[in-house]
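Here's a quick tour of how some side chains in this protein meet each other. Have the structure open and follow along as we go from contact to contact.

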Amino acid sequence: MNAEEFRKHGKEMVDFVADFWENIRERQPLPDVKPGYISAVVPKDPPAHPEDWQTIFGDLEDVVMKGNTYWHHPHFFAYFPTACSYPAIMADILSGGIAGIGFSWKSGPAMTELEMATLDWLVDVLGLPDHFKNSHPGPGTGIIQNTASDATMVAIMAARARAVEACDHGSLGSDTTTKNVIFQALKNESNSLFSWMASTELGKTVKGILTKVRQNTSIDGYKYRYSKSMTFRLKRRTAA
């Protein structure tokens, strides 16, 4: 695909997306497909030769659209609404076209500083103190995470760091660095956070705790009970 073909087919894709949004009510919120459906509409072997764009474009409806869950459908009430709008789609086109990698200021000055500036706006919108801003001379800064799980993991690490710091200053005793307990609801939209956490240094002890919780055994003078109400309840063992 050259530049002229990109201009032509890019306009076709923009029309396709605009038509999708204008007619989303006519689609089903959940697709009527079964696991493995893709094998019936996609060849088993990769193509020996490149396919032209019109052939690929013609496959979108059967391969992608008929097997997609539409989170923005007015009748879809699961999980949470994903962030999407026409301006956001335009931004995705620019982001994909530039193909920048912003892992440091030098690798992407514009994206780095735009992120910092917009997160300063968020501080004002939420009514947080100025020391949360990137522009503030204090230690507070903000960064956009890829997913809710990433953001939760960062929050857990920050909470642990604060607890360890307090422990070092003697205000929380001496066991803060070795006895960290994390509570997470079960049977939620994803247990990926818990799995990820348990594979890190932070969560090494959690695997053993989880096993003992399910066995309803005791740990260090505490009784952990696995609750069907999707929480871990921690009860102090009593003489009774």
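**Who meets whom**

The side chains of glutamate 12 and histidine 9 are joined by a polar contact of 3.1 Å. Keep in mind that you're looking at a predicted model. In this model you can find six salt bridges, and the count of aromatic pairs comes to five. Let's go through some of them, topic by topic.

**Around glutamate 12**

- You'll find glutamate 12 in helix 1.
- Besides histidine 9, there's lysine 8: its side chain and that of glutamate 12 are joined by a polar contact of 3.1 Å.
- Is glutamate 12 buried, exposed or partly exposed? Its relative accessibility is 23%, so it counts as partly exposed, given that buried means under 20%.
- Which residues does glutamate 12 touch once you leave out those up to four places away in sequence? They are Trp53, Gln54 and Phe57.
- Look at phenylalanine 57 in particular: it sits 45 residues from glutamate 12 along the chain, yet their C-alpha atoms are separated by 9.2 Å.

**Rings that pair up**

- Phenylalanine 57 also has a ring partner, tryptophan 53: the two form a tilted aromatic pair, 6.1 Å centre to centre, with 45° between the planes.
- Where do tryptophan 53 and phenylalanine 57 lie? Both are in helix 2, four residues apart, and that's about one turn of the helix.
- The two partners fall in separate classes for burial: tryptophan 53 has a relative accessible area of 25% and is partly exposed, while phenylalanine 57, at 18%, counts as buried. The 20% cut-off for buried runs between those values, which is why the labels differ.
- Add Phe16 to the picture: ring pairs link Phe16, Trp53 and Phe57 into a cluster.
- Now jump to another tilted aromatic pair, phenylalanine 20 with tyrosine 70: the ring centres are 5.3 Å apart and the planes are at 40°.
- That pair links distant parts of the chain, with its partners 50 residues apart. Phenylalanine 20 belongs to helix 1, and tyrosine 70 to the loop between helix 2 (53-64) and helix 3 (86-98).
- Are phenylalanine 20 and tyrosine 70 buried or exposed? Both of them are buried.

**Salt bridges**

- A bit of background first: side chains of opposite charge can pair when their charged atoms come close.
- Which residue forms a salt bridge with arginine 7? The partner is glutamate 4, and the closest N and O atoms are 2.9 Å apart.
- Arginine 7 and glutamate 4 are both part of helix 1 (residues 3-22), three residues apart, or about one turn of the helix.
- Glutamate 4 has a relative accessible area of 54% and is exposed, whereas arginine 7, at 46%, counts as partly exposed. Exposed means over 50%, so glutamate 4 makes the cut and arginine 7 doesn't.
- Lysine 66 and aspartate 62 meet in a salt bridge too, at 2.9 Å from N to O.
- Both of these side chains belong to partly exposed residues: lysine 66 has a relative accessible area of 48%, and aspartate 62 has 40%.

**Lysine 133 and its surroundings**

- Lysine 133 is found in the loop between helix 4 and helix 5.
- How exposed or buried is lysine 133? With a relative accessible area of 14%, it's buried.
- Its salt-bridge partner is aspartate 124, with the closest N and O atoms 2.9 Å apart. Aspartate 124 is partly exposed, at 46%.
- Salt bridges with shared partners join Asp124, Asp130 and Lys133 into one network.
- Leaving aside neighbours within four places in sequence, what's in contact with lysine 133? Asp120, Val123, Asp124 and Gly140 are.

**A nonpolar patch**

- Leu122, Val125, Leu126, Leu128 and Phe132 make a nonpolar surface patch of about 470 Å².
- One of them, leucine 128, lies in the loop between helix 4 (109-126) and helix 5 (148-168).
- Leucine 128 counts as partly exposed, at 34% relative accessibility. Patch residues need over 30%, so leucine 128 passes that cut-off.

Notes
Residues numbered from 1 in each chain as written. Predicted model: local features only at pLDDT ≥ 70, side-chain atom pairs only at ≥ 80, totals over all residues. Heavy atoms only, no water. Salt bridge = Lys/Arg side-chain N within 4 Å of Asp/Glu carboxyl O. Helix = DSSP H or I, 4+ residues; strand = E, 2+ residues; numbered from the N terminus. Buried < 20%, exposed > 50% of the residue type's maximum accessible area, 1.4 Å probe, protein only. Patch = residues over 30% accessible without salt bridge, like charges linked within 9 Å, V, L, I, M, F, W, Y side chains within 5 Å. Areas by Shrake-Rupley, 256 points an atom, 1.4 Å probe, with all protein chains shown as cover. Contact = heavy atoms within 4.5 Å. Phe/Tyr/Trp six-rings, centres within 6.5 Å; stacked < 30°, edge-to-face > 60°. Polar contact = N/O pair within 3.5 Å; in protein donor to acceptor, adjacent residues only side chain to side chain.
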